Amino acid sequence: METDGSLLKGQEKEEYVTGMFNRIARPYDKLNGLISMGRDAKWRQVALDWAQVSCDDKVADLGTGTGDFFLEIRQRLGEEGQVVGIDIAENMLAVAKEKAQARFPGNIDLRVGTAAATGLADASQDLVTMGWVLRNVADRAAVYREVQRILRPGGQFLCVDMSKPSFAPSRWASQAYLALAMPILIRVAGGDREAYDYLNRSTKRFPNRQELHSEWQEAGFADVKSRSFMMGSIAAHLART
Ligand SMILES: C[S@@+](CC[C@H](N)C(=O)[O-])C[C@H]1O[C@@H](n2cnc3c(N)ncnc32)[C@H](O)[C@@H]1O
């Protein structure tokens, strides 16, 4: 029987998530574009515009995956830019490395590691980004503590992830899409059914936009702001230390 990875906790969840992303690393980009209807790149761009990333910022992209946030940040920072991408799944990073080397020979810093223990120095970063990662971590409180440790005072924390629309008809439409339309798309594209069941279930169990907003405030982040994309089925959160 298929494991419901969204119910796992601690080390078991971390191992499940690592194994799943190592398994889907190659088709991930294609399927990601398909299920977001090609909108995911735009959401990353809008989120980075919102954070007003500037070319002398030092940025850590946690859960960098196949590198789409990382590459957009690298593009914005320019040749001298300092961005490090960290991910728990080696196979995702291998794809990120290929993509990065094709676009930016030279200055590429991609490392295996976890969002709760990055190995980065205290107060060393101006901005920490996480795109579709927070839902997957085993211990969000531990990640918040790590982000607060590595950000300089006043540094920014930016997350984009799945969410649940608060307007009921939008919520039904989003749930229907995740539960009904997406599995068909995945089957047609030859994707991994278990991984996309996990996406659906973990989204249901993840705090909605307002709950995550409150969680960040309780965790000690300042100036917490949030916004929605795609009728509330995606949420972005931005805060300062
Ligand atoms: C859905 S992908 C998103 C990748 C990328 N950020 C993007 O915007 O497309 C989630 C990534 O987070 C990574 N991940 C999950 N849990 C993690 C953790 N605790 N620490 C570091 N990376 C993690 C996974 O290996 C995967 O590559």
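Polar residues make up five of the lining of the largest cavity, next to three charged and two nonpolar ones. In this predicted model, the space inside the largest cavity comes to about 60 Å³. Its wall is built from Ser163, Lys164, Pro165, Arg171, Ser174, Gln175, Leu178, Asn200, Thr203 and Lys204. Two elements, helix H6 (168-189) and helix H7 (193-205), each supply two or more residues to the lining of the largest cavity. H6 is the top contributor there, giving four residues.

The cavity count stands at two, taking those of 30 Å³ or more. The second largest cavity holds about 40 Å³ of space, and around it sit Asp161, Met162, Ser163, Phe206, Pro207, Asn208, Arg209, Leu212, Ala235 and His237. Strand S5 (151-162), helix H8 (209-218) and strand S7 (234-240) are the elements that put two or more residues into the lining of the second largest cavity. By class, that lining splits into five nonpolar, three polar and two charged residues. Ser163 turns up in the lining of the largest cavity and again in that of the second largest cavity.

Then there are the open sites. The second largest pocket has a volume of about 190 Å³. Lining the second largest pocket are Ser6, Leu8, Lys9 and Lys13, along with Arg135, Val137, Ala138 and Arg140, plus Ser202, Arg205, Phe206 and Pro207. Five charged residues, five nonpolar ones and two polar ones make up the lining of the second largest pocket. Phe206 and Pro207 line the second largest pocket and also appear in the wall of the second largest cavity.

Notes: Residues are numbered from 1 along each chain as its sequence is written. This is a predicted model: local features need pLDDT of at least 70, side-chain atom pairs count only at pLDDT 80 or more; totals for chains, interfaces and linings use all residues. Side-chain values use heavy atoms; hydrogens and water are left out. On a 1 Å grid over the protein atoms alone, a cavity is a set of points where a 1.4 Å probe fits but cannot get out, and a pocket is an open set with protein on both sides within 12 Å along at least five of seven lines; lining residues have an atom within 4 Å of a point. Grid points are joined across faces, edges and corners, and a volume is the space filled by probe spheres set on the points. Ala, Val, Leu, Ile, Met, Phe, Trp, Tyr, Cys and Pro count as nonpolar, Asp, Glu, Lys and Arg as charged, and the others, Gly among them, as polar.
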